[in-house]
Amino acid sequence: MKAEEVRGLSEKEREEKIVDITQEIFNLRLQLATGKIENPSRIRFLRRDIARLKTIQKETPASAESSAKQENKAGSDK
């Protein structure tokens, strides 16, 4: 997944993509443990995709505001 493709997604689509990729990594790690994995290098590419998604998510002003609100809310709960 390229950075321009990620920037074209909405905030909700990015979050869904992160969840989907995380689940796929989990499944691939299970395959790796059982020795039935066909392409072990796919895990590395998926990890990079998650990093790319999260980086661009932090770049966007809308997500920065929502994450700041969440941090402030978490800080006041302590």
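Colleague: Which residues of H3 do Glu-11, Arg-14, Ile-18 and others in H2 meet?

Modeller: This is a predicted model, in which local features need pLDDT of at least 70 and side-chain atom pairs count only at pLDDT 80 or more, while totals for chains, interfaces and linings use all residues. Residues are numbered from 1 along each chain as its sequence is written, and side-chain values use heavy atoms, without hydrogens and water. Contact means heavy atoms within 4.5 Å. On the H3 side, the residues met by H2 include Ile-43, Leu-46, Asp-49, Ile-50 and Leu-53.

Colleague: Are H2 and H3 roughly parallel or roughly antiparallel?

Modeller: The axes, lines fitted to C-alpha atoms over the stretch in contact, with angles from 0 to 180 degrees between N-to-C directions, come within 10 Å and cross at roughly 160 degrees. Since angles over 145 degrees count as such, H2 is roughly antiparallel to H3.

Colleague: Why do the buried residues of H3 line one face of the helix?

Modeller: Buried (under 20% relative accessible area, with a 1.4 Å probe and protein chains only) applies in H3 to Ile-43, Leu-46, Asp-49, Ile-50, Leu-53, Ile-56 and Gln-57. Seen down the axis, with directions taken from the helix axis to the C-beta atoms, they line one face because they fall within an arc of 155 degrees.

Colleague: Is Met-1 buried or partly exposed?

Modeller: Met-1 lies in the segment before helix H1 (3-7) and is in contact with Asp-49 and Leu-53, among others. Partly exposed covers the range between buried and exposed, the latter being over 50%. At 30% relative accessibility, Met-1 is therefore partly exposed.

Note on methods:
Helix = DSSP H or I, 4+ residues; strand = E, 2+ residues; numbered from the N terminus. Parallel < 35°, antiparallel > 145°, perpendicular 65-115°, else oblique. Lists of a residue's contacts leave out its neighbours within four places in sequence.
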